[in-house]
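Hi,

Here is the structure I promised to pass on to you. Have a look at it first, and then read on for what turned up in it.

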Amino acid sequence: MSTIRKVKSKKGTRYQIRVRVQGYPERVKTVGTMKEAKLWAIQTEANISETAVKQTTVLFLDISQQYITDILPLQKGFKQEHNRLNIILKELGKYSLGQLSPTILSSYRDRRLKTVSGTTVKKELSLISRIINVTIKEWGYHLPNGNPTSLIRFPPNNNARVRRLEQGELDQLLKSSNAAMTEIITILVETGMRRGELCKITKPDIDWKKRILTLLDTKNGTDRTIPLSYKAVESLKFLSNSSDTNFLINRHADYLSHQFLKACKSTNIIDLRLHDLRHEATSRLFEKGFNSMEVASITGHKTVAMLQRYTHLRPESLLDRLNNP
(Lines give C-alpha, C1' and ligand atoms only; values in the text may rest on other atoms or scores of the structure.)
Protein backbone atom coordinates (compact mmCIF):
# COMPACT_ATOMS: atom_id res chain seq x y z
CA MET A 1 0.00 0.00 0.00
CA SER A 2 1.06 3.60 -0.45
CA THR A 3 0.62 6.78 1.54
CA ILE A 4 1.05 10.38 0.38
CA ARG A 5 1.51 13.36 2.65
CA LYS A 6 2.33 17.03 2.23
CA VAL A 7 5.72 18.22 3.41
CA LYS A 8 7.08 21.72 3.61
CA SER A 9 10.45 22.59 2.14
CA LYS A 10 12.39 25.62 0.91
CA LYS A 11 10.84 24.97 -2.49
CA GLY A 12 7.35 25.16 -1.03
CA THR A 13 4.77 22.41 -0.61
CA ARG A 14 5.89 19.00 -1.81
CA TYR A 15 4.46 15.48 -1.61
CA GLN A 16 6.18 12.51 -0.01
CA ILE A 17 5.13 9.01 -1.06
CA ARG A 18 5.81 5.83 0.92
CA VAL A 19 5.14 2.47 -0.70
CA ARG A 20 5.08 -0.51 1.66
CA VAL A 21 4.76 -4.12 0.49
CA GLN A 22 5.38 -6.96 2.93
CA GLY A 23 8.73 -8.63 2.29
CA TYR A 24 10.14 -5.73 0.27
CA PRO A 25 12.10 -2.64 1.39
CA GLU A 26 9.99 0.47 1.80
CA ARG A 27 10.17 2.83 -1.20
CA VAL A 28 10.15 6.58 -0.48
CA LYS A 29 10.14 9.54 -2.85
CA THR A 30 9.28 13.27 -2.70
CA VAL A 31 7.80 15.07 -5.73
CA GLY A 32 6.36 18.49 -6.54
CA THR A 33 2.70 17.71 -7.30
CA MET A 34 -0.03 15.38 -6.12
CA LYS A 35 -0.44 14.11 -9.68
CA GLU A 36 3.22 13.07 -9.81
CA ALA A 37 2.89 11.46 -6.38
CA LYS A 38 -0.11 9.32 -7.35
CA LEU A 39 1.51 8.28 -10.62
CA TRP A 40 4.77 7.26 -8.92
CA ALA A 41 2.87 5.29 -6.27
CA ILE A 42 0.88 3.37 -8.91
CA GLN A 43 3.99 2.61 -11.00
CA THR A 44 6.03 1.52 -7.99
CA GLU A 45 3.32 -0.84 -6.71
CA ALA A 46 2.97 -2.28 -10.21
CA ASN A 47 6.73 -2.83 -10.50
CA ILE A 48 6.83 -4.63 -7.16
CA SER A 49 3.86 -6.81 -8.13
CA GLU A 50 5.50 -7.68 -11.45
CA THR A 51 8.74 -8.58 -9.68
CA ALA A 52 6.85 -10.74 -7.18
CA VAL A 53 5.10 -12.63 -9.99
CA LYS A 54 8.37 -13.21 -11.85
CA GLN A 55 10.11 -14.44 -8.70
CA THR A 56 7.39 -16.88 -7.69
CA THR A 57 7.22 -18.32 -11.22
CA VAL A 58 10.96 -19.11 -11.37
CA LEU A 59 11.43 -22.88 -11.39
CA PHE A 60 13.01 -24.51 -8.37
CA LEU A 61 15.25 -26.26 -10.92
CA ASP A 62 16.69 -22.92 -12.08
CA ILE A 63 17.21 -21.68 -8.53
CA SER A 64 18.93 -24.94 -7.66
CA GLN A 65 21.26 -24.65 -10.65
CA GLN A 66 22.32 -21.22 -9.40
CA TYR A 67 22.87 -22.73 -5.94
CA ILE A 68 25.02 -25.47 -7.48
CA THR A 69 27.12 -22.86 -9.27
CA ASP A 70 27.45 -20.21 -6.55
CA ILE A 71 27.11 -21.97 -3.19
CA LEU A 72 27.83 -25.70 -3.37
CA PRO A 73 31.50 -25.40 -4.44
CA LEU A 74 32.18 -23.54 -1.18
CA GLN A 75 30.95 -26.45 0.94
CA LYS A 76 32.98 -29.43 2.10
CA GLY A 77 30.33 -32.01 1.23
CA PHE A 78 29.98 -30.76 -2.37
CA LYS A 79 29.75 -34.19 -3.97
CA GLN A 80 27.23 -35.62 -1.50
CA GLU A 81 25.08 -32.48 -1.56
CA HIS A 82 25.12 -32.40 -5.37
CA ASN A 83 24.00 -36.03 -5.56
CA ARG A 84 21.29 -35.36 -2.98
CA LEU A 85 20.04 -32.34 -4.89
CA ASN A 86 19.86 -34.31 -8.15
CA ILE A 87 17.51 -36.76 -6.43
CA ILE A 88 15.35 -33.91 -5.13
CA LEU A 89 15.13 -32.20 -8.52
CA LYS A 90 13.78 -35.33 -10.22
CA GLU A 91 10.53 -34.72 -8.33
CA LEU A 92 10.54 -31.07 -7.33
CA GLY A 93 12.51 -29.39 -10.12
CA LYS A 94 9.36 -28.91 -12.22
CA TYR A 95 7.68 -26.72 -9.59
CA SER A 96 8.02 -22.95 -9.41
CA LEU A 97 8.94 -21.25 -6.14
CA GLY A 98 5.34 -20.16 -5.75
CA GLN A 99 4.08 -23.73 -6.20
CA LEU A 100 6.54 -25.23 -3.75
CA SER A 101 4.01 -25.22 -0.93
CA PRO A 102 3.96 -27.09 2.42
CA THR A 103 1.46 -29.49 0.84
CA ILE A 104 3.81 -30.33 -2.06
CA LEU A 105 6.77 -30.75 0.30
CA SER A 106 4.78 -32.92 2.73
CA SER A 107 3.73 -35.20 -0.13
CA TYR A 108 7.36 -35.43 -1.26
CA ARG A 109 8.41 -36.30 2.31
CA ASP A 110 5.83 -39.05 2.65
CA ARG A 111 6.69 -40.61 -0.73
CA ARG A 112 10.41 -40.64 0.08
CA LEU A 113 9.82 -42.20 3.51
CA LYS A 114 8.42 -45.27 1.77
CA THR A 115 11.80 -46.01 0.17
CA VAL A 116 14.52 -44.38 2.29
CA SER A 117 15.20 -43.66 5.96
CA GLY A 118 13.89 -40.72 7.94
CA THR A 119 17.43 -39.42 8.31
CA THR A 120 17.88 -39.32 4.53
CA VAL A 121 14.60 -37.47 4.04
CA LYS A 122 15.49 -35.02 6.80
CA LYS A 123 18.76 -34.21 5.02
CA GLU A 124 16.92 -33.66 1.75
CA LEU A 125 14.37 -31.31 3.35
CA SER A 126 17.17 -29.44 5.11
CA LEU A 127 18.91 -28.92 1.77
CA ILE A 128 15.69 -27.60 0.22
CA SER A 129 15.33 -25.24 3.16
CA ARG A 130 18.89 -23.93 2.77
CA ILE A 131 18.38 -23.26 -0.94
CA ILE A 132 15.18 -21.32 -0.33
CA ASN A 133 16.77 -19.36 2.53
CA VAL A 134 19.63 -18.31 0.26
CA THR A 135 17.09 -17.38 -2.41
CA ILE A 136 15.24 -15.11 0.02
CA LYS A 137 18.06 -13.68 2.13
CA GLU A 138 20.88 -13.31 -0.37
CA TRP A 139 19.29 -13.20 -3.82
CA GLY A 140 16.41 -10.91 -2.89
CA TYR A 141 13.50 -13.14 -3.85
CA HIS A 142 10.18 -12.61 -2.11
CA LEU A 143 7.88 -15.46 -1.09
CA PRO A 144 4.64 -14.18 0.46
CA ASN A 145 4.52 -16.93 3.09
CA GLY A 146 8.26 -17.26 3.64
CA ASN A 147 10.13 -20.55 3.48
CA PRO A 148 7.55 -23.37 3.09
CA THR A 149 9.83 -25.93 4.76
CA SER A 150 9.34 -24.09 8.06
CA LEU A 151 5.68 -25.16 8.02
CA ILE A 152 6.16 -28.91 7.62
CA ARG A 153 7.17 -31.71 9.95
CA PHE A 154 10.67 -33.10 9.50
CA PRO A 155 11.09 -36.84 10.13
CA PRO A 156 13.28 -37.89 13.06
CA ASN A 157 16.73 -39.49 12.74
CA ASN A 158 15.44 -43.04 12.93
CA ASN A 159 18.54 -44.87 11.81
CA ALA A 160 21.16 -43.50 14.19
CA ARG A 161 24.08 -45.92 14.33
CA VAL A 162 24.77 -47.66 17.65
CA ARG A 163 27.28 -50.20 16.34
CA ARG A 164 30.40 -50.71 18.41
CA LEU A 165 33.22 -53.21 18.07
CA GLU A 166 32.42 -56.51 19.69
CA GLN A 167 35.01 -58.53 21.58
CA GLY A 168 37.71 -59.79 19.24
CA GLU A 169 36.55 -57.83 16.17
CA LEU A 170 39.34 -55.27 16.32
CA ASP A 171 42.00 -57.99 16.45
CA GLN A 172 40.33 -59.75 13.51
CA LEU A 173 40.31 -56.56 11.45
CA LEU A 174 43.94 -55.77 12.21
CA LYS A 175 45.05 -59.28 11.27
CA SER A 176 43.09 -59.36 7.99
CA SER A 177 44.15 -55.89 6.76
CA ASN A 178 47.32 -54.87 4.96
CA ALA A 179 50.01 -52.98 6.84
CA ALA A 180 48.77 -49.48 6.00
CA MET A 181 45.13 -50.28 6.70
CA THR A 182 46.07 -51.81 10.04
CA GLU A 183 47.64 -48.53 11.12
CA ILE A 184 44.73 -46.52 9.75
CA ILE A 185 42.21 -48.54 11.78
CA THR A 186 44.35 -48.12 14.89
CA ILE A 187 44.56 -44.34 14.42
CA LEU A 188 40.81 -43.98 13.96
CA VAL A 189 40.05 -46.01 17.08
CA GLU A 190 42.63 -44.08 19.12
CA THR A 191 41.66 -40.56 17.98
CA GLY A 192 38.04 -40.55 16.79
CA MET A 193 39.03 -38.72 13.61
CA ARG A 194 36.86 -38.70 10.53
CA ARG A 195 38.29 -40.55 7.54
CA GLY A 196 38.42 -37.29 5.55
CA GLU A 197 40.43 -35.62 8.33
CA LEU A 198 42.91 -38.48 8.30
CA CYS A 199 43.37 -38.23 4.54
CA LYS A 200 44.19 -34.51 4.79
CA ILE A 201 46.98 -34.86 7.37
CA THR A 202 50.42 -33.71 6.24
CA LYS A 203 53.69 -34.49 8.00
CA PRO A 204 54.15 -30.92 9.37
CA ASP A 205 50.75 -31.22 11.10
CA ILE A 206 52.26 -33.60 13.66
CA ASP A 207 54.37 -32.45 16.61
CA TRP A 208 56.13 -35.71 17.43
CA LYS A 209 57.81 -34.34 20.53
CA LYS A 210 54.64 -33.04 22.15
CA ARG A 211 52.48 -35.87 20.71
CA ILE A 212 50.04 -33.33 19.30
CA LEU A 213 48.24 -33.40 15.94
CA THR A 214 46.68 -30.33 14.32
CA LEU A 215 43.76 -30.99 12.00
CA LEU A 216 43.28 -28.06 9.64
CA ASP A 217 39.97 -26.89 8.17
CA THR A 218 37.85 -29.75 9.51
CA LYS A 219 34.28 -30.57 8.53
CA ASN A 220 33.02 -27.92 10.96
CA GLY A 221 35.18 -25.28 9.31
CA THR A 222 37.61 -24.93 12.21
CA ASP A 223 41.06 -26.25 13.08
CA ARG A 224 41.41 -28.78 15.88
CA THR A 225 44.44 -29.83 17.91
CA ILE A 226 44.28 -33.25 19.54
CA PRO A 227 46.54 -35.23 21.87
CA LEU A 228 47.92 -38.55 20.63
CA SER A 229 48.19 -41.82 22.51
CA TYR A 230 51.39 -43.83 22.16
CA LYS A 231 49.56 -46.28 19.87
CA ALA A 232 48.39 -43.43 17.63
CA VAL A 233 51.93 -42.00 17.46
CA GLU A 234 53.39 -45.36 16.40
CA SER A 235 50.77 -45.80 13.68
CA LEU A 236 51.22 -42.23 12.41
CA LYS A 237 54.99 -42.73 12.26
CA PHE A 238 54.53 -45.87 10.19
CA LEU A 239 52.37 -44.00 7.68
CA SER A 240 54.75 -41.05 7.66
CA ASN A 241 57.75 -43.24 6.93
CA SER A 242 55.84 -45.14 4.24
CA SER A 243 54.69 -42.04 2.38
CA ASP A 244 56.85 -40.49 -0.33
CA THR A 245 54.80 -37.28 -0.37
CA ASN A 246 53.92 -34.64 2.22
CA PHE A 247 50.62 -36.40 2.93
CA LEU A 248 50.45 -39.38 5.26
CA ILE A 249 47.90 -41.12 3.05
CA ASN A 250 47.83 -40.77 -0.72
CA ARG A 251 44.35 -42.23 -1.06
CA HIS A 252 40.80 -40.90 -1.26
CA ALA A 253 38.55 -41.40 1.76
CA ASP A 254 36.23 -43.68 -0.24
CA TYR A 255 39.15 -46.02 -0.87
CA LEU A 256 39.64 -46.43 2.89
CA SER A 257 35.97 -47.33 3.34
CA HIS A 258 36.20 -49.86 0.52
CA GLN A 259 39.26 -51.51 2.04
CA PHE A 260 37.60 -51.59 5.45
CA LEU A 261 34.51 -53.32 4.06
CA LYS A 262 36.77 -55.89 2.38
CA ALA A 263 38.40 -56.61 5.73
CA CYS A 264 35.00 -56.99 7.37
CA LYS A 265 33.83 -59.35 4.67
CA SER A 266 36.94 -61.51 4.89
CA THR A 267 36.44 -61.93 8.65
CA ASN A 268 32.64 -62.33 8.52
CA ILE A 269 32.09 -59.15 10.53
CA ILE A 270 28.57 -57.93 9.81
CA ASP A 271 27.11 -54.40 9.75
CA LEU A 272 30.28 -52.50 10.56
CA ARG A 273 31.38 -49.36 8.71
CA LEU A 274 34.55 -47.35 8.84
CA HIS A 275 32.68 -44.39 10.36
CA ASP A 276 31.57 -46.64 13.24
CA LEU A 277 35.16 -46.43 14.50
CA ARG A 278 34.44 -42.79 15.34
CA HIS A 279 31.55 -43.96 17.53
CA GLU A 280 33.85 -46.53 19.08
CA ALA A 281 36.59 -44.01 19.81
CA THR A 282 34.18 -41.47 21.30
CA SER A 283 32.61 -44.07 23.58
CA ARG A 284 36.02 -45.34 24.69
CA LEU A 285 37.09 -41.83 25.71
CA PHE A 286 34.08 -41.55 28.02
CA GLU A 287 34.74 -45.03 29.41
CA LYS A 288 38.28 -43.89 30.24
CA GLY A 289 36.82 -41.14 32.40
CA PHE A 290 37.11 -38.06 30.16
CA ASN A 291 34.31 -35.50 30.58
CA SER A 292 32.16 -34.07 27.79
CA MET A 293 34.31 -30.98 27.21
CA GLU A 294 37.47 -33.06 27.03
CA VAL A 295 35.97 -35.58 24.63
CA ALA A 296 34.52 -32.84 22.40
CA SER A 297 37.91 -31.13 22.20
CA ILE A 298 39.39 -34.37 20.84
CA THR A 299 36.57 -35.50 18.55
CA GLY A 300 35.44 -32.08 17.35
CA HIS A 301 31.75 -32.50 18.13
CA LYS A 302 30.15 -29.05 18.37
CA THR A 303 27.09 -29.84 20.49
CA VAL A 304 26.26 -32.10 23.42
CA ALA A 305 23.41 -33.59 21.39
CA MET A 306 25.78 -34.64 18.62
CA LEU A 307 28.25 -35.99 21.16
CA GLN A 308 25.49 -38.11 22.70
CA ARG A 309 24.61 -39.54 19.28
CA TYR A 310 28.17 -40.79 18.95
CA THR A 311 28.43 -42.20 22.46
CA HIS A 312 27.26 -45.69 23.37
CA LEU A 313 28.66 -46.72 26.73
CA ARG A 314 28.84 -50.34 27.80
CA PRO A 315 27.24 -50.70 31.26
CA GLU A 316 30.04 -53.02 32.41
CA SER A 317 32.55 -50.21 31.88
CA LEU A 318 30.83 -48.24 34.64
CA LEU A 319 30.89 -50.97 37.28
CA ASP A 320 34.24 -50.03 38.84
CA ARG A 321 33.12 -46.48 39.44
CA LEU A 322 29.77 -47.63 40.83
CA ASN A 323 31.55 -49.76 43.41
CA ASN A 324 33.93 -47.01 44.51
CA PRO A 325 32.98 -45.44 47.87
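Right after helix α12 comes G300, a residue with a positive phi, near 90°. Please keep in mind that this is a predicted model.

The helix that leads up to this glycine, α12, spans residues 292–299. Which of its residues are buried? They are V295, A296, I298 and T299. Looking down the axis of α12, you will see these buried residues fall within an arc of 160°, so they line one face of the helix. Among the elements that cover them are α7 (179–191) and β6 (224–227), along with α11 (276–287) and α13 (304–309).

At its N-terminal end, α12 is capped by N291. Here a side-chain oxygen of N291 lies 3.1 Å from the backbone nitrogen of M293.

Two other spots are worth a look for their backbone angles. Most residues other than glycine have a negative phi. D217, however, has a positive phi, near 50°. You can find D217 in the loop between β5 (212–215) and β6. Its relative accessible area is 38%, and because buried means under 20% and exposed over 50%, D217 counts as partly exposed.

D271 is another non-glycine residue with a positive phi, in this case near 55°. It sits in the loop between α10 (253–266) and α11; α11 is also one of the elements covering the buried residues of α12. With a relative accessibility of 46%, D271 is partly exposed.

Enjoy exploring it!

Best wishes

Conventions: Residues numbered from 1 in each chain as written. Predicted model: local features only at pLDDT ≥ 70, side-chain atom pairs only at ≥ 80, totals over all residues. Heavy atoms only, no water. Buried < 20%, exposed > 50% of the residue type's maximum accessible area, 1.4 Å probe, protein only. Helix = DSSP H or I, 4+ residues; strand = E, 2+ residues; numbered from the N terminus. Arc of directions from axis to C-beta. Contact = heavy atoms within 4.5 Å. Polar contact = N/O pair within 3.5 Å; in protein donor to acceptor, adjacent residues only side chain to side chain.
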